[in-house]
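Let's take a walk through this model together, one neighbourhood at a time. Keep the viewer open and follow along as each residue comes up.

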Amino acid sequence: EQKGADSTCGLAARVFHPSAEDGLLLRLLRDEGAIPFVRSNVPQALMLPESMNDIFGTTGNPFNLNRTPGGSSGGEGALVGAFGSPLGLGTDIGGSVRIPT
């Protein structure tokens, strides 16, 4: 979570409800000098093998828009793969880091 920003998890019901404070991971990163500058797309409820939701649409693979960059961390993978960020954070609950196509 990022203070002042929505953390939607791809759910429209969570839009326009900004976080009151930074989450633990972001606080730790800021303490080490990180400067968050972008947020990436996720699938609805983080539970699909591709990054699409009704809020922000579909994230495409930056090397082939006919393919997906993966699931819950797909937006982050696409951003880093396109050299839009030097670092990204991802999880692999359902294979989003392992199964991009």
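## Around Arg39

The side chains of Gln2 and Arg39 are joined by a polar contact of 3.4 Å. Before going further, please keep in mind that this is a predicted model. Gln2 sits in the segment before α1, and with a relative accessibility of 18% it counts as buried, because buried means under 20%. If you set aside residues up to four places away in sequence, Gln2 touches Ser7, Ser19, Glu21, Asp22, Leu26, Arg30, Pro36 and Arg39.

One name in that list leads back to Arg39. Ser7, which also lies in the segment before α1, makes a polar contact of 3.4 Å from its side chain to the side chain of Arg39. Is Ser7 buried or exposed? At 13% relative accessibility, Ser7 counts as buried. Beyond residues up to four places away in sequence, Ser7 touches Glu1, Gln2, Arg14, Ser19 and Arg39.

Two other residues touched by Gln2, Asp22 and Arg30, have a link of their own. How many salt bridges does the structure hold? There is 1, and in a salt bridge the side chains of Asp22 and Arg30 meet, at 2.7 Å from N to O. As for accessibility, Asp22 is buried, with a relative accessible area of 13%, whereas Arg30, at 36%, counts as partly exposed.

Arg39 comes up once more when you look for open space in the model. The largest pocket has a volume of about 1,200 Å³. Its lining is made of 36 residues, and those closest to the pocket centre are Val38, Arg39, Ser40, Glu76 and Leu89. Which elements give two or more residues to that lining? They are α1, residues 24–31, and α2. Of the elements, α1 gives the most to the lining of the largest pocket, with 4 residues. By residue type, the lining divides into 18 nonpolar, 13 polar and 5 charged residues.

Let's now move along the chain to the loop between α1 and β1. Ala45 lies in this loop, and so does Leu46. Most residues other than glycine have a negative phi. Ala45, however, has a positive phi, near 60°, and Leu46 likewise has a positive phi near 60°. With a relative accessibility of 36%, Ala45 counts as partly exposed; Leu46 is partly exposed too, at 35%.

Ser51 is found in the loop between α1 and β1 as well, yet its surroundings tell another story. What is the relative accessible area of Ser51? The value is 0%, and Ser51 is buried. Leaving out residues up to four places away in sequence, Ser51 touches Asn41, Val42, Pro43, Gly57, Thr58, Thr59, Thr68, Gly70, Gly71, Gly74 and Gly75. For Asn41, the separation from Ser51 is 10 residues in sequence and 6.4 Å in space, C-alpha to C-alpha. For Gly71, the backbone oxygen lies 2.6 Å from a polar atom of the Ser51 side chain.

Gly74 and Gly75, both touched by Ser51, bring us to helix α2, which covers residues 74–81. Which residues of α2 are buried? They are Gly74, Gly75, Glu76, Ala78 and Leu79. Glu76 is also one of the residues closest to the centre of the largest pocket. After α2 comes Phe83, with a positive phi near 60°.

Our last stop is Pro62, in the loop between β2, residues 57–58, and α2. Apart from its neighbours within four places in sequence, Pro62 is in contact with Ala78, Gly81 and Ala82. Ala78, as you may recall, is among the buried residues of α2. Pro62 itself is partly exposed, with a relative accessible area of 37%. If you would like a distance to check in the viewer, try Pro62 and Pro49: they are 13 residues apart along the chain, and their C-alpha atoms are separated by 16 Å.

Notes:
Residues are numbered from 1 along each chain as its sequence is written. This is a predicted model: local features need pLDDT of at least 70, side-chain atom pairs count only at pLDDT 80 or more; totals for chains, interfaces and linings use all residues. Side-chain values use heavy atoms; hydrogens and water are left out. Buried means under 20% relative accessible area, exposed over 50%, partly exposed in between (1.4 Å probe, protein chains only). On a 1 Å grid over the protein atoms alone, a cavity is a set of points where a 1.4 Å probe fits but cannot get out, and a pocket is an open set with protein on both sides within 12 Å along at least five of seven lines; lining residues have an atom within 4 Å of a point. Grid points are joined across faces, edges and corners, and a volume is the space filled by probe spheres set on the points. Ala, Val, Leu, Ile, Met, Phe, Trp, Tyr, Cys and Pro count as nonpolar, Asp, Glu, Lys and Arg as charged, and the others, Gly among them, as polar. A salt bridge is a side-chain nitrogen of Lys or Arg within 4 Å of a carboxyl oxygen of Asp or Glu. Contact means heavy atoms within 4.5 Å. A polar contact is a pair of N or O atoms within 3.5 Å; within protein, one must be able to donate a hydrogen and the other to accept it, and residues adjacent in sequence count only if both atoms are side-chain atoms.
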